[in-house]
Amino acid sequence: METSEISTNRARSPERARRFSDRLASGDTAANLIVFLAAASIVFITSWIVFELYRNSAASRHEFGWSFLTGSSWDPVNEHYGALPFIYGTIVTSALALLMAIPFGVGAAIFLAELAPPRISNALTFLIELLAAVPSVIYGLLGIFVLVPMLKSAEPAIRATLGFLPFFKGPFYGVSLLAAGFVLAVMIVPFIISISREVLLAVPADQREAALALGATKWESTWDIVVPFAGKGIVGSIFLALARSLGETMAVTMVIGNTPQISMSLFAPGYSIAAVIANEFAEASSEMLRSTLIELGMVLFALTFLINGFARILIITTSKKGNAT
Amino acid sequence: MTPRLFYRKATNYVMLTLTGLCALVAVGILFFILGYLLWNGGTSLNLDFFTKLPVPVGESGGGMANALVGTGKLLLIASLVGVPIGFLGGVYLSEYGGSTFSFLVRYMTDLLNGVPSIVIGIFAYTVIILRQHHFSTLAGGIALGIMMIPIAVRSSEEFLRAVPASLREAAVALGASKSRAIVTVVIPAALDAIITGIMLDLARVAGETAPLIFTAFGNQFWSPGWNQPTSSLPVMIYSYAISPYDEWHRQAWSAGFVLLSLVLFVNVFSRLVLARKGHARS
C-alpha cells in the first residue's frame, strides 16, 4: 500500500502551518482520505446515475409531460410515445410472478427455518443459493425452448379448466404475459426463500419454546407464533423480490412476445419497460426515441427505488423487534 | 387420542410435508436447469467452441472464442472499477464508519444495489457511448464494474467487521498507527474471505446481459484493444437464442452450458471456502 510508503519518510516540523501535510505524511490521514474518497465515490456514482437519467430524458419529459405515463400509443413514425402498455406489462407479469412465487417461497422458507433438521436445511439452503446465482439469460434460454413449448401443450387443459375467465381468452402463441410471469416466478423464488428464512431464524427462541411448552405442535408454534412475529419481514422479502422482478430484463424480453398492447388475457403477448429498453435502445435512431427510453428507465428506477425502500423498512423493523425482546 | 389431538397432529405432518415439498420443488428446479443444459449444451460442446470464431449462418461448426475472450476483458475492466471502490468503501464503513456520512454511504450502496441492471446500462451509454459515438468494451466493463460495487462493499465490510477487536488492539498497543494496524493486521486477517466475496461478485456480473447489449454491443470477430465493440458470452446466448436458426440454437445451448458451469463452479467453490472458515453469507 502507498500509505506505508509515505509514512517512512515522515517529516517532523514544528510549524503549525505544515500540520496538515504532516498528518497526511504520517499515513493515518492519507489512509483516511483514500477510503473516504472511495466511500464518497459510491455516493457520487449513485447520484450521477439519477442525474444522467433526469438530464437525458428532458426532451421526452417536455414533449409529453405526465401524459407519458397514461398514453398507450407507441408510434415511432410520428414520434408519439406513451408508456402505459409497458407499465401494464411490467406490473402484470410481476404480479403474476408473485402470485405463483409467494406460496412456494414462504412455504420453503418455513420448512428450512423451522421444520427441517439442520443438516437437511443447510444442504437445501446451499442449493437454493446456487439457484439464485443462475444468470437471467439462462432462464430466458430455458424459457424460450422449454417453458414456451410446455405452455403450448398445456394450453388445451388450461382452456378447459380456467377458460371461462377473461384471463385465458384469445389466441395463444406461447410467448405471452403468462410465460413471462412463470419465468419471473422461478427467478424470484430463491430470493423470497433466502430472505424469509433469515427473518424467521431471527425470531427469538423463547417465542417458540413458550409455545411448545404450552403444548402446541411444531406447526402450531410455527404458524401461530413464529410466522406472525416475522410477518413484516416476510412481507419485506416479498417486496424485495417484487423490485427484482420489475427490473428483470433478459428472461422477460425473451418470452414476453414484445408487443406493445394492453390485453386482459394472459395468453396475449405483451411488453415490459425493461424489455423495450433492451430491444430498442441500441437501434434508437432519433433523439426523441432515445430520450423516451431513458425516461422509461427513470420510471423503472423510481418504481424499484420506492419498493426497495419500503421493503428495507419492513425488514429492519422486524429484526429490531427480534433484538429488543 | 382425542379427535381434536389427532387433527392437530395430522395438520402438523401434512404441513411438514407440504412445506418440504415446496423446498424440494425449488431445489428440483436447479437440478432441472443443470440437467437440461448438460443434456442440450454439454453434449454438443467441442473443442471448436473454445478456439474458433462464429461462422455465418448456413455453415456448420465455428465457436465462440471471441465471446469468451470478450467476457474475460469485460470482467477485467469491471474488477478494475468495482474492486478498488468497493473494497476501500468497505474498509471505510468497517474501520472509519459510525458517522452520519457512513449512513449515507450505506444507503447509497443499497440504492445502487437495487438499480435494475438495464438502467446501469443506460447510464454507461449516456456517459460514455454518447461522447465516443461508438460501442466499446470499455463502456461495457465500466457498467459491470458499477454493478460490482455494492456487493464488494458489503462483503468487505462484513468480513472486516468479523476480525476480532483484540487483533486491532494488540497492533495499536504495539505502537502501530491506526492505518498501519488496518493495512498490516486487519486486512490480511480478512483477506481470503474478502477475495472469495469478490469472486462471488464477479460470478454474478459475468452472467449479466442487459447492461451489455447497448454498451459492449456485440461482434462476430475478434475485438482488438479496449475501444471496440466486443462480443460476450451472455449477449451471444441472447442473440443466438432469439435467432431463427437451429444451428445457432445449438450454439446458444453450448454457450449457456459453459456460462452456467463457470458461474456455478465459482459459487460452489467460494461458498465452501467461506463455510469452512465459518463465515455466514447473507
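Here is a short walk through this predicted model, one selection at a time.

**Stop 1: chain A.** Start by colouring chain A by its two assigned parts: domain 1 covers 2-43, and domain 2 covers 60-324. How many Å separate the centres of these domains? Taken over C-alpha atoms, the centre of domain 1 of chain A lies 48 Å from that of domain 2 of chain A.

**Stop 2: chain B as a whole.** Now hide chain A and switch chain B to a cartoon view. You'll find ten helices and zero strands, so to speak an α after α run from the N terminus on. Turn the chain around a bit: along its principal axes, the C-alpha trace of chain B spans about 70 × 70 × 35 Å. Its radius of gyration is 24 Å, whereas a compact globule of 282 residues would have one near 19 Å.

**Stop 3: a pair of helices.** Next, select residues 233-241 of chain B, which form helix α9, and residues 246-276 of chain B, which form helix α10. At what angle do their axes cross? The answer is roughly 150 degrees, and the axes come within 8 Å. Angles over 145 degrees count as roughly antiparallel, so that is what α9(B) is to α10(B). The crossing of the two, α9(B) and α10(B), is left-handed.

**Stop 4: where the pair touches.** Show side chains for B:L233, B:P234, B:I237, B:Y240 and B:A241 on the α9(B) side. Across from them, in α10(B), pick out the residues they meet, including B:W248, B:H249, B:Q251, B:A252 and B:L259. Colour the whole contact of α9(B) with α10(B) by residue type and you get ten nonpolar, three polar and no charged residues.

Note on methods:
Residues are numbered from 1 along each chain as its sequence is written. Chains are lettered from A and ligands numbered from 1 in the order in which they are written. This is a predicted model: local features need pLDDT of at least 70, side-chain atom pairs count only at pLDDT 80 or more; totals for chains, interfaces and linings use all residues. Side-chain values use heavy atoms; hydrogens and water are left out. Axes are lines fitted to C-alpha atoms, for helices over the stretch in contact, and angles run from 0 to 180 degrees between N-to-C directions. Helices (H or I, at least four residues) and strands (E, at least two) are DSSP runs, numbered from the N terminus. Angles under 35 degrees count as roughly parallel, over 145 as roughly antiparallel, 65 to 115 as roughly perpendicular and the rest as oblique. A crossing is left-handed if the near helix is turned anticlockwise from the far one by less than a right angle, and right-handed if clockwise. Contact means heavy atoms within 4.5 Å. Ala, Val, Leu, Ile, Met, Phe, Trp, Tyr, Cys and Pro count as nonpolar, Asp, Glu, Lys and Arg as charged, and the others, Gly among them, as polar. Domain bounds come from an automatic or database domain assignment. The radius of gyration is taken over C-alpha atoms; the globule rule is 2.2 Å times the number of residues to the power 0.38.
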